[in-house]
Amino acid sequence: MALDMDKLGAFVNRFAGDLGATVAAGNVVVGHELGLYAALAEGPATAEELAERTGTHARYVTEWARGQAAGGYVEYDADADRYHLTEEQAFALTDPDGPLYVPGAFVLALGSLRSVPRITEAFRTGAGMGWHEHDDDVFTGCELFFKPGYVGNLTTAWIPALDGVEEKLRTGARIADIGCGLGASSVLMAQAYPSSQVSASDYHGGSIKLARKRAADAGVTERTTFEVARADSFSGTGYDLVTTFDCLHDMGDPVAAARHIRSALASDGSWLIVEPAAGDTVAGNLNPVGRVYYNFSTFLCVPNAVSQPGGYALGAQAGEAAIRRVVTDAGFTRFRRAAETPFNHVYEARP
């Protein structure tokens with residue numbers, strides 16, 4: 001066997017980058033948990049000064065800061081032996097309620113990886129693993145991962161892109177938020193459209209408990225309700241808007257869910273479907289975004305779908321053609337892509 005040493009070197013360099021990123025993930029979560037990024041955003045600091053700001057141990061902070069600087073997550077001034085954040089780094093690393101919060105993705109990733117033994121065995125047996133069976137960090141990490149996209153786009157771009165929906169919501173409408181998780185999307189819609197009523201549901205009871213608390217903390221309990229229910233059996237009819245955010249592809253039987261959604265919609269209602277950005281072919285998804293979603297999907301989306309009856313396991317890179325097929329098989333007659341971001345495709349379906 002004759003090795004091309006240049007190609008081997010390039011692969012090893014990629015491996016080194018991936019290994020560094022993998023280990024750094026834990027350090028990003030530490031920075032999130034201890035407020036290290038937020039404290040550094042207050043101004044440049046030595047490791048000792050940063051430790052003093054956060055009530056942490058200087059030797060640990062020193063190693064943490066060096067690793068963060070090596071990865072480009074913080075900046076290092078060698079002459080002053082101080083660390084600081086650029087405006088862009090601070091924007092991405094310090095505000096969990098803003099339109100971008102990078103640490104949330106690492107909380108979700110590490111929570112997902114705690115299921116490595118279970119998923120490894122699933123490869124051998126073909127068994128599923130339900131969403132409710134994962135580590136609690138999967139639930140909170142999922143909220144931290146997806147909420148910034150909702151904050152940045154849901155009421156400013158996605159809903160306005162639907163056909164006549166925003167006007168209905170402003171004057172008073174009924175919304176069903178399916179697969180609501182911890183309720184980030186539900187609360188945002190209740191805040192933006194105070195004349196409307198949001199009925200949210202999720203099959204995971206623990207998530208619904210936290211969603212109710214999130215709504216109470218936001219002061220929107222009077223216009224939100226939450227129930228534990230599957231997507232094919234949530235209560236109510238005559239909804240002006242039904243929403244599914246990044247969850248249709250997780251379902252064992254998305255067509256059954258789509259049929260129930262169709263029956264729950266008013267005759268002139270709309271279904272807002274937000275799904276991970278994906279092409280219709282494997283080759284079209286072999287890029288950094290596809291890499292993120294395929295790997296999350298192996299641990300979360302496919303196992304959850306396999307754990308449920310229905311025979312579907314679309315995965316997080318299903319693509320527009322697959323989503324269109326689900327929607328049309330359920331009897332919807334109108335389907336279009338209404339908006340998109342680098343991480344999401346936003347569809348509108350109507351009866």
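**Cores, cysteines and a pocket**

User: In the largest nonpolar core of this predicted model, which residues touch the most other members?

Analyst: A nonpolar core is a set of buried Ala, Val, Leu, Ile, Met, Phe, Trp, Tyr and Cys residues joined through side-chain atoms within 4.5 Å; buried means under 20% relative accessible area with a 1.4 Å probe, protein chains only. The largest such core has 46 residues, and those touching the most other members are L154, I159 and L272.

User: Which helix gives the most to this core?

Analyst: Helices are DSSP runs of H or I, at least four residues long, numbered from the N terminus. The most, eight residues, comes from residues 136-158, which form helix 8.

User: How many disulfides does the model have, and why is C180 not in one?

Analyst: A disulfide is a pair of cysteine sulfur atoms within 2.5 Å. The closest cysteine sulfur to that of C180 is in C247, 9.2 Å away and therefore too far for a bond. For C301 the closest is in C142, at 8.6 Å, also too far. The count of disulfides is zero.

User: Which residues of the model are counted, and how are they numbered?

Analyst: Local features need pLDDT of at least 70 and side-chain atom pairs pLDDT 80 or more, while totals for chains, interfaces and linings use all residues. Side-chain values use heavy atoms, without hydrogens and water, and residues are numbered along each chain as its sequence is written, from 1.

Notes:
Buried means under 20% relative accessible area, exposed over 50%, partly exposed in between (1.4 Å probe, protein chains only). Helices (H or I, at least four residues) and strands (E, at least two) are DSSP runs, numbered from the N terminus.
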